[in-house]
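Biologist: Before we talk about this protein, I would like each term tied to the criterion behind it. Could you show me the model and then take my questions in turn?

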Amino acid sequence: MTDQRQRPRRGQGELEGLVLSVLSEANGPATAGWVQERLGDDLAYTTVITILTRLLAKGAVTRERAGRSFAWTPASDQAGLAARKMRKVLDGEGDREAVLASFVTALGPDDEQLLRQLLRDPEAERGD
């Protein structure tokens, strides 16, 4: 009898975060095989390629030809990817003011203070 326990399914965002994290540890452009090795046997090579391709479409990574395959470089860190997702959601809504107001009122006191500080500081990094 074989062990048929299934691993918990991870969300797309979680996998993208893992791949970006691994890429950020590279000393330059990295191949999908290199990324897969660092992630362990948990993910198939084709899954890594799919994630990298999705990240490319989102502008979170760049790629350059490396022989018959590609070498990948992060164009953004995990915070930048999260910010892109937030902007995409905001851009998809009709009433930006209502969405932003709802978001801000749902923030905890520490996050609200941080947001106020960032909005006051014209030198704050914008993450673009």
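Modeller: What follows is a set of questions on a predicted model, each answered by setting a value against its criterion.

Biologist: What makes E2 and E3 a pair of strands?

Modeller: Two strands pair if DSSP finds at least two bridges between them, and six bridges join E2, residues 61-66, to E3, residues 69-74, so the two strands count as paired. They run antiparallel, and one of the bridges links Ala-66 to Ser-69 in E3.

Biologist: What lies between E2 and E3 in the hairpin?

Modeller: Two residues separate the strands in the hairpin, and Gly-67, in the turn, has a positive phi of about 70°.

Biologist: Why is Arg-63 said to lie over the face of Phe-70?

Modeller: The criterion asks for CZ of Arg within 6 Å of the ring centre and within 35 degrees of the ring normal; Arg-63 is placed over the face of Phe-70 at 3.9 Å from the ring centre, and therefore the distance satisfies the 6 Å limit.

Biologist: How do you know that the charged end of Arg-65 sits over the ring of Phe-70?

Modeller: The charged end of Arg-65 is 4.3 Å from the centre of that ring, and because the limit is 6 Å, the distance part of the criterion is met here too.

Biologist: Which order do the helices and strands follow along the sequence?

Modeller: The protein has six helices and three strands, arranged as α-β-α-α-β-β-α-α-α.

Biologist: How much of the protein counts as buried?

Modeller: Of its 128 residues, 20% count as buried, a label that requires under 20% relative accessible area for the residue concerned.

Note on methods:
Residues numbered from 1 in each chain as written. Predicted model: local features only at pLDDT ≥ 70, side-chain atom pairs only at ≥ 80, totals over all residues. Heavy atoms only, no water. Helix = DSSP H or I, 4+ residues; strand = E, 2+ residues; numbered from the N terminus. Buried < 20%, exposed > 50% of the residue type's maximum accessible area, 1.4 Å probe, protein only.
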